[in-house]
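Open the model in your viewer and keep the selection tool at hand, since this tour goes from one selection to the next.

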Amino acid sequence: MTQREEMIAKSLRAVRARIREAADKKGGAVELVAVSKTFPAEDVLAAAKAGQTVFGENYAQEGCAKVDWFRENHPEMKLVWHFIGPLQANKTRQVAERFDWVDSVDRLRIAKRLSEQRPEGLPPLNVLIEVNISGEESKSGVTPEELPALAREIAALPNLRVRGLMAIPEPENNEEARRRPLKAMRALFDAHRSEFGWDTLSMGMSADMVEAIEEGSTTVRVGSAIFGARHYPPKAPA
Ligand SMILES: *Cc1c(COP(=O)(O)O)cnc(C)c1O
């Protein structure tokens with residue numbers, strides 16, 4: 001093993017241990033999405049060899065290139081890919097053709113394209129609806145008020161399966177301020193989960209994964225705690 005592979009395997013073990021401890025206290029299983037944006041396919045391979053099977057990517061071009069790299073070089077590895085970044089209409093087809101989940105759906109237009117462009121023969125694309133829970137003007141996500149209507153419309157699309165909600169709360173230094181949006185997401189999830197048959201509440205990243213699990217997250221998306229700090233920006237989209 002190279003030093004880099006060892007570092008990734010070790011960080012992954014540590015993250016898994018923290019998740020397991022918090023999940024055990026809550027009495028439930030929590031899924032880890034390893035966020036590999038900006039890191040090369042070799043790093044994803046190192047994590048996969050250490051037992052990680054679920055990965056998240058933010059940028060369509062970079063993420064699709066990694067999915068293709070694995071299909072070509074490691075078809076024996078059955079990895080699960082989540083698209084977790086903002087998605088433009090002109091990138092929906094390549095994502096619908098390659099990913100298993102899109103966690104960042106916040107507009108009907110994008111959902112319709114994903115449903116139409118999901119290839120025949122693949123299972124329905126799992127989607128999460130992203131909620132702008134901190135109420136910031138610039139951020140993506142629907143408002144809690146808009147959520148039920150959008151969820152109903154997306155649930156009617158044939159090739160998508162809505163699994164639940166995703167949120168990226170604003171970073172906060174103070175614990176109470178960090179927990180507030182997590183609690184609000186949990187309440188929103190609980191208010192609608194039986195109506196829509198949801199099973200996934202994706203919240204929690206490197207800095208707040210334990211708190212998110214304590215507040216009821218079922219899925220955490222963790223990047224830097226596994227792969228290290230992100231040093232270079234993604235390549236500009238073509
Ligand atoms: C980058 C990213 C993450 C992971 O963030 P870390 O702080 O590196 O764990 C999780 N979710 C989304 C949507 C991201 O863009």
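Begin by selecting Arg 230 together with the ligand: an N or O atom in the side chain of Arg 230 is 2.7 Å from an oxygen atom of the ligand, which fits a polar contact, a pair of N or O atoms within 3.5 Å. The protein covers 90% of the 380 Å² of accessible area that the ligand has on its own, with areas taken from the Shrake-Rupley method with a 1.4 Å probe.

This is a predicted model, in which local features need pLDDT of at least 70, side-chain atom pairs count only at pLDDT 80 or more, and totals for chains, interfaces and linings use all residues. Residues are numbered from 1 along each chain as its sequence is written, and side-chain values use heavy atoms, with hydrogens and water left out.

Next, select Ser 206, where an N or O atom of the side chain is 2.5 Å from an oxygen atom of the ligand. Then go to Ser 224, where a backbone N or O atom lies 2.8 Å from an oxygen atom of the ligand.

Now widen the selection to the residues around the ligand, each with a heavy atom within 4 Å of it; among them are Val 35, Lys 37, Asn 58, Ile 84, Met 205 and Arg 221. This shell divides into five nonpolar, four polar and three charged residues.

Which residues line the largest cavity? Select Glu 130, Val 131, Asn 132, Ile 133, Ser 134, Glu 136, Lys 139, Ser 140, Ile 168 and Pro 169. By class, this lining has four nonpolar, three polar and three charged residues.

Terms used:
1 Å grid on protein atoms, 1.4 Å probe; cavity = no way out; pocket = protein on both sides within 12 Å on 5 of 7 lines; lining within 4 Å. Nonpolar A, V, L, I, M, F, W, Y, C, P; charged D, E, K, R; others polar. Polar contact = N/O pair within 3.5 Å; in protein donor to acceptor, adjacent residues only side chain to side chain.
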